[in-house]
Amino acid sequence: MVESRTELDAIAFNATISACEKCGEWEQAVHAFSLMIDCNVESSTISFSAAISACEKGCEWKKALELFFSGAQNRVESNTIMFNAAMSACETCAEWDQVLQLLRLMLQRNVETNTITFSVGISACGKGGEWKKALNLFSLSLQRGVEPDAVFFEAVIGACEQGSGWEKALHLFNVLAPSSVQSNASTFNAAMSACRKGGEWQQALLLLSMMMQGLVKMDIVTFNTLISACEKGGQWEKSLGFFSAAIHSEAELDTITFSAAISACEKCGKWKKALRIFTEMIQSAVQLATATFGAVISACEKGGEWENALKLFGLMTHTKVEFNMITCNAAISACEKGCEWEKALQLVNLMVQDKVDLGAVTFNAAITACGKGSKWDKSLHLFSAMGQSKVELDSFTFSAAISSCEIGKWERALQFLRVQMDCKVQTNMITCSAALSACEKGGEWEKALQLVNIMVQSKIELDMITFSAAISSCEKGGWWEKALSFFGAMVQSKVQTNTITCSATISACEQGGEWEKALHLVNLMAQKEGSA
């Protein structure tokens with residue numbers, strides 16, 4: 001009996017490659033294509049295009065280009081479909097320069113271009129931030145008589161968004177886009193997104209009005225864009241209004257919807273509302289993301305709810321959502337507000353272990369937390385680590401470091417202040433007041449007064465805390481005349497006096513035997529109390 005042998009032909013191979021491509025199995029598609037070549041089955045543009053498209057889905061742009069250029073070796077002439085497939089593979093991976101090289105080659109070989117060709121090219125330029133090149137391609141497409149569709153205009157407007165060209169995006173939408181394109185929600189969304197990125201929330205609302213007049217149905221992308229645009233524009237009530245509208249619409253809420261709404265709450269200090277929306281998100285089984293946790297933790301931190309902030313960070317690690325510098329900074333700032341210096345250091349160590357970048361905000365919050373816990377040695381360690389990690393020191397860093405030395409470490413406080421001046425980091429009222437307080441608490445009255453003189457010479461405005469520390473130093477040093485001088489300057493500067501400053505000034509006068517001046521201040525305080 002003779003065994004029958006079934007030979008696979010081009011149709012069978014092409015169908016197999018296409019099936020793998022549609023299922024996202026790019027490696028299997030390439031394997032089937034290689035087997036086709038090995039079996040000497042004649043390949044075609046269909047075979048190459050399917051294999052290249054499979055590579056696109058696997059984000060294997062290099063492999064896609066390798067297949068594309070191997071076409072010539074197999075005597076397959078590259079056509080529009082093959083070029084578009086190769087360009088799409090590069091565009092998916094944001095390789096805009098490769099896309100433009102393929103387009104140039106396409107034009108050199110006089111291969112016919114179409115809407116897909118230019119849509120892919122423009123989208124690639126947009127992803128690469130090359131919005132001017134995207135607009136050049138748009139002009140070229142019009143010259144070549146390519147008829148733009150909704151996807152095409154979405155790509156052009158999206159490229160303008162990446163380049164912060166919201167005005168250009170609106171111009172393209174209002175003037176150049178045909179009515180058929182303007183009736184498409186995706187194009188409206190792209191134009192709104194450009195306005196959102198440009199901080200033009202009013203323009204986004206105008207587009208919404210046009211959308212409603214044209215009876216274009218809003219989708220979840222529309223709601224997300226409007227919530228985010230209003231949130232970035234400080235219009236938190238409008239932002240939450242769109243969130244409420246999204247809930248009552250047919251649109252399916254996603255991670256972006258909830259995250260943008262929570263961020264709006266965070267910006268306006270509505271931490272309770274942020275927690276409620278976060279709870280709704282969990283109940284709706286919507287996937288939690290890093291941005292979601294970042295917004296809700298920050299909302300609790302700003303609201304002084306440090307315990308809730310830390311619980312949320314714990315939930316984040318428990319649910320294995322990846323944390324970043326922003327979420328960690330918010331959690332560390334919460335520790336600082338709650339005087340939980342140990343937890344703050346644990347978070348810093350966690351960031352180091354997980355190779356999360358430490359920034360100035362990270363160090364400043366941790367240094368302040370240690371300072372509030374009277375752990376000046378740990379503050380000093382963090383300050384040194386900050387310098388070694390090449391994170392730029394700023395005025396907040398020095399203020400935090402100096403404040404940590406207020407109790408019993410006046411010499412270290414002055415050392416930090418000198419380093420600040422040597423580094424040419426601008427000194428301010430907070431930095432100097434912290435150093436002044438350290439000197440005053442350490443009984444170094446002369447140095448405290450020297451600092452006040454430095455502040456006056458540097459034209460740094462003195463506040464109630466600064467004047468109080470200066471007058472207290474004079475009182476302890478027995479310099480009643482200087483105490484009166486500071487008190488007079490305080491009144492003249494219209495800085496509000498209080499019981500501490502008045503009592504210290506009166507005490508200084510008493511020590512100097514100036515009973516008349518002391519009595520005058522008592523009467524002044526009595527008059528002020530009576531008028532209140």
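Helices α12 (185–197), α14 (220–232) and α16 (255–267) each put at least two residues into the lining of the second largest pocket in this predicted model. The largest share comes from α14, which supplies six residues. The space in this pocket comes to about 250 Å³. Its lining has 14 residues, and the ones closest to the centre are Arg196, Asn224, Ser228, Ile256 and Ala260. Sorted by character, the lining of the second largest pocket splits into four nonpolar, six polar and four charged residues.

Now for the largest pocket, which holds about 350 Å³ of space. Here α20 (325–337), α22 (360–372) and α24 (395–403) each bring at least two residues to the lining, and α22 gives the most, with seven. In total, 18 residues line the largest pocket, and Asn364, Ala365, Thr368, Phe396 and Ala400 sit nearest its centre. That lining divides into six nonpolar, nine polar and three charged residues.

On to the aromatic rings. How many aromatic pairs does the structure hold? There are six, and two that share Phe68 are set out below.

| Pair | Centre to centre | Angle between planes | Geometry |
|---|---|---|---|
| Phe68 and Phe69 | 5.1 Å | 85° | edge-to-face |
| Phe68 and Phe83 | 4.8 Å | 65° | edge-to-face |

The Phe68 and Phe83 pair ties together distant parts of the chain: Phe68 belongs to helix α4 (residues 61–70) and Phe83 to helix α5 (residues 80–92), 15 residues apart. Taken together, Phe68, Phe69 and Phe83 make one aromatic cluster.

Are these rings buried or exposed? Phe68 has a relative accessible area of 1%, so it counts as buried; the cut-off for that is under 20%. Phe83 is buried as well. Phe69, at 46% relative accessibility, is partly exposed, because exposed would need over 50%.

Last stop, helix α26 (residues 429–441). With 13 residues at 1.5 Å each, α26 should span 18 Å, and its end C-alpha atoms are indeed 18 Å apart, so expectation and model agree. Why can α26 be called largely enclosed by the rest of the structure? Because ten of its 13 residues are buried. The buried stretch is made up of Thr431, Cys432, Ser433, Ala434, Ala435, Leu436, Ser437, Ala438, Cys439 and Glu440.

Conventions
Residues are numbered from 1 along each chain as its sequence is written. This is a predicted model: local features need pLDDT of at least 70, side-chain atom pairs count only at pLDDT 80 or more; totals for chains, interfaces and linings use all residues. Side-chain values use heavy atoms; hydrogens and water are left out. Helices (H or I, at least four residues) and strands (E, at least two) are DSSP runs, numbered from the N terminus. The expected span of a helix is 1.5 Å times one less than its number of residues. Buried means under 20% relative accessible area, exposed over 50%, partly exposed in between (1.4 Å probe, protein chains only). On a 1 Å grid over the protein atoms alone, a cavity is a set of points where a 1.4 Å probe fits but cannot get out, and a pocket is an open set with protein on both sides within 12 Å along at least five of seven lines; lining residues have an atom within 4 Å of a point. Grid points are joined across faces, edges and corners, and a volume is the space filled by probe spheres set on the points. Ala, Val, Leu, Ile, Met, Phe, Trp, Tyr, Cys and Pro count as nonpolar, Asp, Glu, Lys and Arg as charged, and the others, Gly among them, as polar. Rings of Phe, Tyr and Trp (its six-membered ring) pair if their centres lie within 6.5 Å; planes under 30 degrees apart count as stacked, over 60 as edge-to-face and the rest as tilted.
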